[in-house]
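Subject: Structure for you to look at, with notes on its salt bridges

Dear colleague,

I am passing on the structure we spoke about, and I would be glad if you could keep it open while you read the notes underneath it.

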Amino acid sequence: MASAPLAAFLRTRKGLIAHGASHWVVGNEAGDLDSLASAIGYAFFAQYAEPSGPQWIPVVQTPRRDLALRPENLLMLHKCRVDPDELTCVDDVPKLDEHAIVTLVDHNTATNAFADARVETIVDHHADDGRHTDAPQRVIVPPDQAGSCASVLTASFAPSLPTSPALPAPLVDLLLGAVLLDTHNFSASAAKAHKVDEAARAFLAPRSSYPTPEAQQALYDELVRAKSDISALSLEQKLRRDYKQFACAAKNAGTWRVGTSSTVEPLTTLVRDGRAALLHELGAFCDARQLDVEVVLAGYADDAQQPHREVLVYARDAESRFAPTLAALGAHGVDLAPLALEGLDGRVDGVFCAAYTQRDARVTRKQFAPALQAVCAQLDK
């Protein structure tokens, strides 16, 4: 136990579920390293800052069967000597009601198993959805001021943490790995790192197994290689690997159900088996989730290490105005140019499908989500 304090902590907290656990901390449904690290970090920091306080159970909002879709997470957990079986996954969580108390990290709207629980705290770096405004603590730093939720979390807790005992290196390593990956290792060209990220690195690095810039670069490179290797995944697995869903208010009284899937390869790889195969997979994916629109956000680097971003919009309505409205938006960083992709340029086989190049490669889903909400607000449903 002493040789693996983080693993022992996670195992103990998971064991509380069978005894009527009431306090949960959960990352967003994409289940990326930042969400995973932030949920675990919050639970651990809370215990260190207030040993007699609530015992928070950190949850990765990913079904256990899908943990393998995030090789970068598994790599970092291995380095931290944590067996994935020791994680609490979303399918380990019982049905929660208003008596359950929840902390949201890396998102600010409770969903799925946590939708009916009482949100007590939010620590996030996405645009504020304006939900859970009665939460006693809402620490929401906008994405243009924080590259990583792990940074916001670290900065929030650092002043209240005791100097002894020392934080276990595996926990610090997990948080630092998330910060490095989300900020592209503080690359100036990526422009993802901000003051709060710098402060987090200054706190974490000396306490970690990666105290030097060289060690941090090596860790970052390993994580990027793991994250980028999705060649063995099916198209359906690629769509659900980094997936978030939004319920967006329409112009009338309706609601748009919009899914977003992020991938780390060009959109051309999605049509390797032909247009018909892609449309079939997208249709089945939308049917399973009752989506009106599915948006695929592709972010990747070419052979010269230049970043690129592309967008594919699939709408079940062949007459959909969703994609044209998005392309014409001109706000929230949206700057789209049409992209020729196997004839997917409008009404196709009873649906609407269109592909675009996002001219500003720095705009990620964090910035894109408000654009999707703005488009829905302009359209009747």
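What follows is a short account of the salt bridges found in this structure. Please bear in mind that the model is predicted.

In general, side chains of opposite charge can pair when their charged atoms come close. In this structure there are 18 salt bridges, and a few of them are described here.

You might begin with Arg241, which pairs with Glu72 in a salt bridge whose closest N and O atoms lie 3.3 Å apart. This pair joins distant parts of the chain, since Arg241 belongs to helix α8 (residues 235-241) and Glu72 to helix α3 (residues 71-79), with their positions 169 residues apart. Both Arg241 and Glu72 are buried, and they also take part in a network of salt bridges that links Arg70, Glu72, Arg241, Asp242 and Arg365.

Helix α8 also holds Lys238, which likewise links distant parts of the chain by pairing with Glu265, a residue in the loop between β8 (255-263) and α9 (275-289), 27 residues apart from it. The side chains of Lys238 and Glu265 meet at 2.7 Å, N to O, and both residues are buried.

The last pair to look at is Asp66 with Arg65, a salt bridge in which the closest N and O atoms are 4.0 Å apart. Is each partner buried or exposed? Asp66 is buried, with a relative accessible area of 8%, whereas Arg65 is exposed, with a relative accessible area of 62%.

With best wishes

Definitions and conventions: Residues numbered from 1 in each chain as written. Predicted model: local features only at pLDDT ≥ 70, side-chain atom pairs only at ≥ 80, totals over all residues. Heavy atoms only, no water. Buried < 20%, exposed > 50% of the residue type's maximum accessible area, 1.4 Å probe, protein only. Helix = DSSP H or I, 4+ residues; strand = E, 2+ residues; numbered from the N terminus.
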